[in-house]
Amino acid sequence: MTGTAPLLLRAARGEQVERPPVWMMRQAGRYMKVYRDLRDRHPGFRERSENPDLSYEISMQPFHAFKPDGVILFSDILTPLPGMGIDFDIIESRGPIIEPAIRSQAQVDALRPLDPAEALPFVGEVLGRLRQDVGNEAAVLGFVGAPWTLAAYAVEGKSSKTYSVIKQMAFREPALLHQLLGHLADSIATYVRYQIDSGAQVVQLFDSWAGQLSPIDYDVFAAPYQKRVIDQVKATHPDTPLILYISGSAGVLERMGRTGVDIVSLDWTVDMADGIARLPEHVGVQGNVDPGLLFGTPEAIRERIVDTVRKARGRKHILNLGHGILPGTPEENARVFFEAGKAVNELLGAAV
C-alpha cells in the first residue's frame with residue numbers, strides 16, 4: 001500500500017495529526033439494525049465471530065455506515081481460550097459460560113500454550129482481509145483480553161458481580177492463580193503478535209475486570225501480567241501501538257501508565273483533564289465520552305466531544321467512548337458522534 005499511513009495509526013504513534021482520530025468500542029454490534037438482521041440469520045455468537053466471512057462482514061458494517069478512523073476485528077476476548085484447552089459458549093441472554101470452570105491444580109497443569117495459527121486461523125484471515133480492503137482509509141485494530149480478566153471468566157465460569165471465586169483463589173491459593181495468569185500472559189502475548197503479523201496496526205488490551213481489584217491487589221494480580229504481555233510484544237513488534245482499557249480504572253490510572261502501554265483508554269468516570277494530569281506525558285489517552293450521552297440530543301453529543309477534545313489538546317489523543325456503545329443507542333446518534341469527531345476543529349472554532 002502506498003500513501004499516508006492511516007490517521008489513527010499516526011496519532012497512536014505520537015505524530016502530529018490534523019485532528020484526533022475517532023472510533024468506538026463495540027462499534028460493530030447490536031445497536032445497528034444491519035447487525036441485528038445478520039444475528040437473526042446466524043444466532044450463534046461463536047459462529048458470527050469464528051466464521052471469517054461473517055466476522056469480516058460485521059467488522060466492516062460500521063465502516064460502511066460511518067467511516068470511523070479505526071476498523072476493529074469482530075471477535076471476543078474469550079476467543080483464544082479453546083486453543084489453550086478452556087472451552088466456552090456465549091448465550092445471548094446469559095453471556096459467557098465456561099464449563100467446567102478452571103479451579104484446580106490439575107486443570108491449570110493441563111492447559112496448553114496457544115498456537116494462534118492452528119487454533120485461530122479465522123482471526124488471521126479476517127485481519128488480513130480488513131487490512132487489504134480498508135487500505136489507508138482507517139487503521140485496522142486488533143484486541144485481546146488481558147490475563148486477569150480472562151482468568152476471572154475462567155475461574156468464575158461466567159460473568160460475576162462479586163468476583164468472589166477468583167478472589168478466594170487469589171487470597172487462599174495465590175500460587176495456583178499466578179500459574180494460571182502466567183500461562184494466560186504468555187499465550188496472549190503470542191496472540192497479539194499473531195494479530196499484528198496478520199494485519200493489525202494497533203492492538204487494544206481489555207482488562208475489563210481489573211477495576212474490581214483494590215490498587216494493592218492490582219499491583220499483584222493484574223499489572224505484572226499486563227506488563228508481561230506488553231514486554232513480550234514490544235520485544236518483537238516495538239513500533240505497534242498498544243492501548244490498555246480498564247472499566248472503573250479511576251483508582252489505578254497511574255499504575256496503568258507504568259505498564260509500558262502507549263495509550264491508556266479512560267472510562268467516562270474520570271475527567272479528561274484530570275486523567276491526563278495523572279499520566280506520564282509520553283503516554284497517550286483514548287476516550288472518554290460517556291456512552292449514555294448517545295441517548296441524548298445531537299447538541300449534547302457535540303458539546304461533550306468539544307469539551308473532551310479541548311481538554312486533551314496537546315496530548316496524543318484518540319477520541320472514543322469511555323466504554324462500549326450501549327445496546328439500543330439510536331444509530332443516528334452514533335452517526336452524530338462520528339461526524340462531530342471528524343468536524344471537531346470546526347466545532348472547536350465555533351465554541352470559542
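The protein has 17 helices and nine strands, and its radius of gyration of 19 Å is close to the 20 Å that the globule rule gives for 352 residues, so it is as compact as a globular protein of that length. The model is a predicted one, and every value below was computed from it. Along its principal axes the C-alpha trace spans about 65 × 45 × 40 Å, and 57% of the 352 residues count as buried.

**Overall packing**

- Among the contacts in the protein with a separation of 6 or more, 73% come from residues that lie 24 or more positions apart.
- The largest nonpolar core holds 123 residues, and those with the most contacts inside it are Trp148, Leu177, Val192, Tyr218, Ile305 and Phe337.
- Helix α10, which covers residues 174-198, gives the most to this core, contributing 12 residues.
- As general background, nonpolar side chains tend to be buried together in soluble globular proteins.

**Strand β9 and its pairing with β8**

- Strand β9, made up of residues 317-321, is mostly covered, with five of its five residues buried.
- His317, Leu319 and Leu321 point one way from β9, whereas Ile318 and Asn320 point the other way, and the residues of both groups are all buried.
- Strand β8 (residues 284-289) pairs with β9 in the parallel sense, and the pairing runs over five bridges; within it, Gly287 has Leu319 of β9 as its bridge partner.
- Between the two strands the chain passes from β8 through helix α15 (residues 298-312) to β9, forming a β-α-β crossover that is right-handed.

**Helix α16 and its surroundings**

- Helix α16 comprises 12 residues, 331-342, and reaches 17 Å from its first C-alpha to its last, which is close to the 16 Å expected at 1.5 Å a residue.
- The buried residues in α16 are Asn333, Ala334, Val336, Phe337, Phe338, Ala340 and Gly341.
- The cover over these buried residues includes helices α4 (52-66), α15 and α17 (344-351), together with strands β8 and β9.

**Phe337 as a point of contact**

- Phe337 is buried in α16 and is listed among the residues with the most contacts inside the largest nonpolar core.
- Leaving aside residues up to four places away in sequence, Phe337 touches Val22, Trp23, Met24, Val289, Leu294, Ile301, Ile305, Leu319, Asn320 and Leu321.
- Of these partners, Leu319 and Leu321 point one way from β9 and Asn320 the other way, while Ile305 is itself one of the residues with the most contacts inside the core.

Key. Residues are numbered from 1 along each chain as its sequence is written. This is a predicted model: local features need pLDDT of at least 70, side-chain atom pairs count only at pLDDT 80 or more; totals for chains, interfaces and linings use all residues. Side-chain values use heavy atoms; hydrogens and water are left out. Buried means under 20% relative accessible area, exposed over 50%, partly exposed in between (1.4 Å probe, protein chains only). Helices (H or I, at least four residues) and strands (E, at least two) are DSSP runs, numbered from the N terminus. Two strands pair if DSSP finds at least two bridges between them. A crossover is right-handed if, with the strands pointing away from the viewer, the path from the first strand over the helix to the second runs clockwise. A nonpolar core is a set of buried Ala, Val, Leu, Ile, Met, Phe, Trp, Tyr and Cys residues joined through side-chain atoms within 4.5 Å. Contact means heavy atoms within 4.5 Å. The expected span of a helix is 1.5 Å times one less than its number of residues. The radius of gyration is taken over C-alpha atoms; the globule rule is 2.2 Å times the number of residues to the power 0.38.
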